[in-house]
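Student: I would like a close look at one residue and at how it sits in its chain. Please go through it in one connected answer.

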Amino acid sequence: MATMYDVPADDLIEALADDLADRLEEPEWGAFAKSGVDKELPPEQEDFWATRAASLLRKVADRGPVGVERLSTEYGGAKGGSNRYQVAPDKRADGSKNLIRTILQQLEEEDLVETAEGEGRRITAEGQSLLDDTAGTVLEELDRPELERYA
């Protein structure tokens, strides 16, 4: 049986996003919200909400229990320094905590993630099963000979 570690992360996230697009609903403000302080515009990707949810589900499974603060640090980036002459060095900026928290709450409603009191969020058995089943499907569809030993 394949696990999430047996397939490339980008292929797993893409397949998970297809499944989560049907289960999760993007809020009205989601189309207008930036994904972090370092961004100038909201994401242009059509399925951004489902892709970010799939990525968060994978990160919670890999690093859990994990809190919103640490996840926002991982989804952050570099915010430019001075606007006028660009002389100041870039500063570290966190990702949007509201976006992450809302997606985690939706994943909790779907019973894929649960809250560990005082520790953050962790994956449930149903969430781990979804990840492993999706990884098995992705592994079968991949045409990469170096990954055949995991099948």
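Tutor: What follows starts with the whole chain and then turns to one threonine. This is a predicted model, in which local features need pLDDT of at least 70, side-chain atom pairs count only at pLDDT 80 or more, and totals for chains, interfaces and linings use all residues. Residues are numbered from 1 along each chain as its sequence is written, and side-chain values use heavy atoms, with hydrogens and water left out.

The chain has five helices and four strands; these are DSSP runs numbered from the N terminus, helices being H or I with at least four residues and strands E with at least two. Their order along the sequence is α-α-α-β-β-α-β-β-α. Along the principal axes, the C-alpha atoms fill a box of roughly 55 × 40 × 30 Å.

Of the 151 residues, 42% count as buried, where buried means under 20% relative accessible area, exposed over 50% and partly exposed in between, with a 1.4 Å probe and protein chains only. Contacts, meaning heavy atoms within 4.5 Å, can be sorted by distance in sequence: among those between residues at least 6 apart, 63% join residues at least 24 apart.

Now to the residue itself. T102 lies in helix α4, which covers residues 97-109. T102 has a relative accessible area of 15%, so it counts as buried. Leaving aside residues up to four places away in sequence, T102 touches P27, W29 and W49.
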